[in-house]
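Student: I've got this model open and I'd like a close look at one part of it, the main nonpolar core and the helices around it. Could you walk me through that part and then tie it to the rest of the fold?

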Amino acid sequence: MSVSFKSTIRIRPLKSTEISQGEVPTVFHDASAPHTVTVEAPAETTKSSSRSSSIGGANDVATHHTFHYDKVLPPTSTQTDVFTSVGEPIVSGSISSTNPTNSVLFSFGVSNSGKTYTLMGPSGECDDESRGLIPRVVDGLFSNNNDLELTLSVLEVYNDLIYDLLPSTNPTTTTPSTPSRRSSSLPPPPPKSLKIHQDAGGFYVHNLSSQTFTSS
């Protein structure tokens, strides 16, 4: 079985609040090098023993690091650009009648880097252009197959613990049926973390709930 990995980076533009606070871009992409990103590390003064030296002075040293990716989406990229680059190959591979493929979409980034916006879009109602990658992929799957049944599980890995994000169908996250007299004044109990098990078919998350859909 062949496995192919493709790495894509999306560079988030500065927010208006960041610009007003004097923030400047530190990640750069040159169209002449379409697979390369340059990151500028914060400048550090070489006069560490002198309190009078200031950031941005003649002795400051800025460090540049270069990284290479299969695809670079610049700050001007749209949600549609993301789907064209990342989502369409997932859809076409999944519905292929000659060479169907399994796909894993893994999103990684620091807090406030735009992961949720890229994957799901803005919170609340949004227009078609602002929709995220996952809703577009789901629409693509159903629009190409009228008989499709999609089974969905949603989990979160946080601090090395696994939590079910569809708790309504998971008995491990429901509250007791006979609460104590004080339970109405207490917050609901935290969800229980789930465990990874292994059987002949491979690894799976025990007691992870799922729901089946026939349309997007």
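Tutor: Sure, let's start wide and zoom in. The secondary structure of this protein comes to four helices and 13 strands, and bear in mind that the model is predicted. Buried residues account for 18% of the 216 residues. The accessible surface is about 16200 Å², and carbon and sulfur atoms hold 54% of that. Among contacts with a separation of 6 or more, 55% link residues 24 or more positions apart.

Now the core. The largest nonpolar core has 12 residues: Leu73, Val82, Phe83, Val86, Ile90, Val91, Leu119, Leu133, Val137, Leu141, Phe142 and Leu148. Two helices, H2 (79-95) and H4 (133-143), each put in at least two of these residues. H2 gives the most, with five.

Let's stay with H4 for a bit. Its buried residues are Leu133, Arg136, Val137, Gly140, Leu141 and Phe142. If you look at the numbering, a general point about helices helps: an α-helix has 3.6 residues a turn, so residues three or four places apart point the same way. As for what lies over the buried residues of H4, the cover includes H2, H3, strand E8 (150-152) and strand E13 (211-213).

Valine 137 is a handy residue to click on. Beyond its neighbours within four places in sequence, valine 137 is in contact with Phe83, Gly87, Ile90 and Val91. Phe83, Ile90 and Val91 are also members of the core, as is Val137.

H4 also carries a charged residue worth a look. Aspartate 139 makes a salt bridge with arginine 131, and the closest N and O atoms are 2.4 Å apart. Aspartate 139 is partly exposed because its relative accessible area is 27%; arginine 131 is partly exposed too, at 23%.

A search of the whole structure turns up two salt bridges. Besides the one just described, glutamate 18 pairs with arginine 12, with 3.0 Å between the closest N and O atoms. Here glutamate 18 counts as buried, since its relative accessible area is 15%, while arginine 12 is partly exposed at 31%.

For contrast with the core, try the loop between H2 and helix H3 (115-120), where valine 104 is found. Valine 104 is exposed, with a relative accessible area of 79%. Together with Phe106 and Phe108, Val104 forms a nonpolar patch on the surface, and the accessible area of the three comes to about 490 Å². So you can set a nonpolar residue out on the surface, valine 104 at 79%, beside a buried one in H4, Val137.

Now the strands. Three of them form an open sheet in the order E2-E3-E6, with antiparallel pairing. Strand E2 (27-28) and strand E6 (64-68) stand at the edges with a single partner strand each, so one side of each has no neighbour in the sheet. E2 is joined to strand E3 (residues 36-40) by two bridges, and these strands run antiparallel. To follow that pairing residue by residue, find phenylalanine 28, whose bridge partner in E3 is threonine 38, and then valine 27, which stands opposite valine 39. On to the E3 and E6 pair: five bridges hold these strands in the antiparallel sense, and valine 37 stands opposite phenylalanine 67 in E6.

Two hairpins round off the tour. In one of them, strand E9 (residues 155-158) and strand E10 (residues 161-164) pair antiparallel over four bridges, with leucine 155 opposite aspartate 164. Two residues lie between E9 and E10, and asparagine 159 in that turn has a positive phi of about 55 degrees. The other hairpin joins E11 to E12 through two residues. Strand E11 (residues 196-199) and strand E12 (residues 202-205) run antiparallel with four bridges between them, and isoleucine 196 has valine 205 as its bridge partner in E12.

Back to where you began: the core has H2 as its biggest contributor, with five residues, H4 gives at least two, and valine 137 is in contact with Phe83, Gly87, Ile90 and Val91.

Technical notes: Residues are numbered from 1 along each chain as its sequence is written. This is a predicted model: local features need pLDDT of at least 70, side-chain atom pairs count only at pLDDT 80 or more; totals for chains, interfaces and linings use all residues. Side-chain values use heavy atoms; hydrogens and water are left out. A nonpolar core is a set of buried Ala, Val, Leu, Ile, Met, Phe, Trp, Tyr and Cys residues joined through side-chain atoms within 4.5 Å. Buried means under 20% relative accessible area, exposed over 50%, partly exposed in between (1.4 Å probe, protein chains only). Contact means heavy atoms within 4.5 Å. Patches are made of residues with over 30% relative accessible area and no salt bridge: like charges are joined within 9 Å, nonpolar side chains (Val, Leu, Ile, Met, Phe, Trp, Tyr) within 5 Å. Accessible areas come from the Shrake-Rupley method with a 1.4 Å probe; for residues, only the protein chains shown count as cover. A salt bridge is a side-chain nitrogen of Lys or Arg within 4 Å of a carboxyl oxygen of Asp or Glu. Two strands pair if DSSP finds at least two bridges between them.
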